[in-house]
Amino acid sequence: MQNFYEADFYSWTQEQANLLRHHQWNKLDLPNLIEEIESLGKKERQELRNGLNILIGHLLKWEYQPKQGSRSWLATIRGQRPEILKLLSENPSLKTYLEEVVQECYDNGRDLASGETNLPPSTFPNQCLYPFEEILSDRFYPGEPTTDDLMG
């Protein structure tokens, strides 16, 4: 089974699904199946972190360089929020993970904002000052909007 798993992953997945469908428990490749199921959960958590990293980075750019705010920044903010909310809706248990990971994502977002704005990291607070309810709110844009036409 291990060689099959390593030689043709797609075919292995189809075989495992078929074995499960037909209740052929004794033929399942349990060690690899367990590993793959665990990795699916890790991917969901990684997707949440990636979205938050990007969203927080853009919120920081929006707040700390308001005159450079662009439709692109706004589109990123507006695009990330529903994706994160959808992920949380499809995986409600990730909401508790969100509380755990906000500071880590803030740190990554601060690095992103610093790198993209050329502002020193010390420009931004060390601790995330945005409650995650606000981060995910479509009404939250820290600081002043750049121009009315961008927000419209």
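Q: Is cysteine 128 buried or exposed?
A: This model is predicted. Buried means under 20% relative accessible area. Cysteine 128 has a relative accessible area of 17%, so cysteine 128 is buried.

Q: Is cysteine 105 buried or exposed?
A: The same kind of reasoning applies here. The relative accessibility of cysteine 105 is 0%. Therefore cysteine 105 counts as buried.

Q: How many disulfides are there?
A: A disulfide needs a pair of cysteine sulfur atoms within 2.5 Å. By this rule, the count is 0 disulfides.

Q: Which cysteine sulfur is nearest to that of cysteine 105?
A: Cysteine 105 is in no disulfide. Its nearest cysteine sulfur lies 9.3 Å away. That sulfur belongs to cysteine 128.

Q: How far apart are the end C-alpha atoms of helix 4?
A: Helix 4 covers residues 71-90, which is 20 residues. At 1.5 Å a residue, helix 4 should span 28 Å. The model agrees, with the end C-alpha atoms at 29 Å.

Q: What arc do the buried residues of helix 4 cover around the axis?
A: The buried residues of helix 4 are Trp73, Leu74, Ile77, Gln80, Arg81, Ile84, Leu87 and Leu88. They sit on the same side of helix 4, because the arc they cover is only 165°.

Q: Which residues are exposed on the other side of helix 4?
A: Turn now from the buried side to the other one. There, the exposed residues of helix 4 are Arg71, Ser89 and Glu90.

Q: Which helix supplies the largest share of the largest nonpolar core?
A: The largest nonpolar core has 29 residues, and Leu48, Leu52, Ile135 and Leu136 touch the most other members. Helix 3, helix 4 and helix 5 each supply at least two residues of this core. The largest share is 8 residues, and it comes from helix 5.

Q: Which residues does leucine 48 touch, not counting residues up to four places away in sequence?
A: Leucine 48 belongs to the largest nonpolar core. With those sequence neighbours set aside, leucine 48 touches Ile84, Leu87, Leu88, Leu94, Tyr97 and Leu98.

Q: How far apart in space are glutamate 47 and leucine 87?
A: Glutamate 47 is in helix 3, and is partly exposed at 43% relative accessible area. In sequence, glutamate 47 and leucine 87 are 40 residues apart. In space, C-alpha to C-alpha, they are apart by 8.3 Å.

Q: Which element has the lowest mean pLDDT?
A: The protein has a mean pLDDT of 91. Among its elements, helix 4 has the highest mean, 96. The lowest, 54, belongs to helix 7.

Terms used: Residues are numbered from 1 along each chain as its sequence is written. This is a predicted model: local features need pLDDT of at least 70, side-chain atom pairs count only at pLDDT 80 or more; totals for chains, interfaces and linings use all residues. Side-chain values use heavy atoms; hydrogens and water are left out. Helices (H or I, at least four residues) and strands (E, at least two) are DSSP runs, numbered from the N terminus. The expected span of a helix is 1.5 Å times one less than its number of residues. Buried means under 20% relative accessible area, exposed over 50%, partly exposed in between (1.4 Å probe, protein chains only). The arc is that of the directions from the helix axis to the C-beta atoms. pLDDT is the predictor's confidence in each residue, from 0 to 100. A nonpolar core is a set of buried Ala, Val, Leu, Ile, Met, Phe, Trp, Tyr and Cys residues joined through side-chain atoms within 4.5 Å. Contact means heavy atoms within 4.5 Å.
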